[in-house]
Amino acid sequence: MYEPIRTKPVVHRVGGHHSDGHAGYPRSSRAEALDTQLAGHLAALLTVTDELGLDGAAARIAAQVTRLRGSEPARAPRADIAGLTALHQRAHDLAGRALVVAASRADTTVAILAAERMDAHAAALASQNLAGSL
């Protein structure tokens, strides 16, 4: 049968037992870590969006990366047309990752943007698959 735990669990701190918090080591909160992760996913999505030549979507994504990082992101040149299917699939996957992180940090603006980008890339993939089967 089930036996309840009667002792209080011991909580161990990462980095030792010192109360000074190791002032020499940078610490980040969960919110900061999520901001960094979200900015990274959006920056990767921006790169693929730039390669696809989707200037309007790229501008919206770049604005969110700038908001999260505090500086403008690097931009990518437009890619050749040969790899469109792979680029749309990659963009769809990256937008999905951004959506998950945005939802976990309750960033509605980015969540809506990521969902819109997922829909757009899913539609592009569907139309390419349809055209390829004709």
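**Why the labels fit**

Q: The backbone nitrogen of Val 110 lies 3.2 Å from a polar atom of the Asp 107 side chain; what makes a pair like this a polar contact?
A: A polar contact is a pair of N or O atoms within 3.5 Å; inside protein, one atom must be able to donate a hydrogen and the other to accept it, and residues adjacent in sequence count only when both atoms are side-chain atoms. At 3.2 Å, the Val 110 nitrogen and the Asp 107 side-chain atom are within that limit, so the pair fits. Asp 107 also has a polar contact of 2.5 Å with the side chain of Arg 67.

Q: What should I know about the model before going on?
A: It's a predicted model: local features need pLDDT of at least 70, side-chain atom pairs count only at pLDDT 80 or more, and totals for chains, interfaces and linings use all residues. Residues are numbered from 1 along each chain as its sequence is written, while side-chain values use heavy atoms and leave out hydrogens and water.

Q: How do you know whether Asp 107 is buried or exposed?
A: Buried means under 20% relative accessible area, exposed means over 50%, and partly exposed is in between (1.4 Å probe, protein chains only). Asp 107 has a relative accessible area of 7%, so it's buried. Asp 107 sits in the loop between H3 and H4.

Q: And why is Ala 123 called partly exposed?
A: Its relative accessibility is 46%, in between the two cut-offs, so Ala 123 gets the middle label. Ala 123 is found in helix H4.

Q: Which residues does Asp 107 touch?
A: Skipping residues up to four places away in sequence, Asp 107 touches Leu 38, Arg 67 and Ala 102. Contact here means heavy atoms within 4.5 Å.

Q: Why is the chain's pattern written α-α-α-α?
A: Helices are DSSP runs of H or I with at least four residues, and strands are E runs of at least two, numbered from the N terminus. The chain has 4 helices and 0 strands, and that is the pattern you get reading along the sequence.

Q: How do you know that the length of H1 agrees with what's expected?
A: The expected span of a helix is 1.5 Å times one less than its number of residues. For the 23 residues of H1 that gives 33 Å, and the end C-alpha atoms are 33 Å apart, so the two agree. H3, with 21 residues, reaches 30 Å, close to the 30 Å expected.

Q: What makes a group of residues a nonpolar core?
A: They must be buried Ala, Val, Leu, Ile, Met, Phe, Trp, Tyr or Cys residues joined through side-chain atoms within 4.5 Å. The largest one here has 25 residues, and Leu 38, Leu 42, Leu 45, Val 48 and Ile 61 have the most contacts inside it. Helices H1, H2, H3 and H4 each give two or more residues to this core, with the largest share, 8 residues, from H1. In soluble globular proteins, nonpolar side chains tend to be buried together.

Q: What makes the phi of Ala 106 worth pointing out?
A: It's near 60°, a positive value in a residue other than glycine. Most residues other than glycine have a negative phi. Ala 106 lies in the loop between H3 and H4, and its relative accessible area of 63% is over 50%, so it's exposed.
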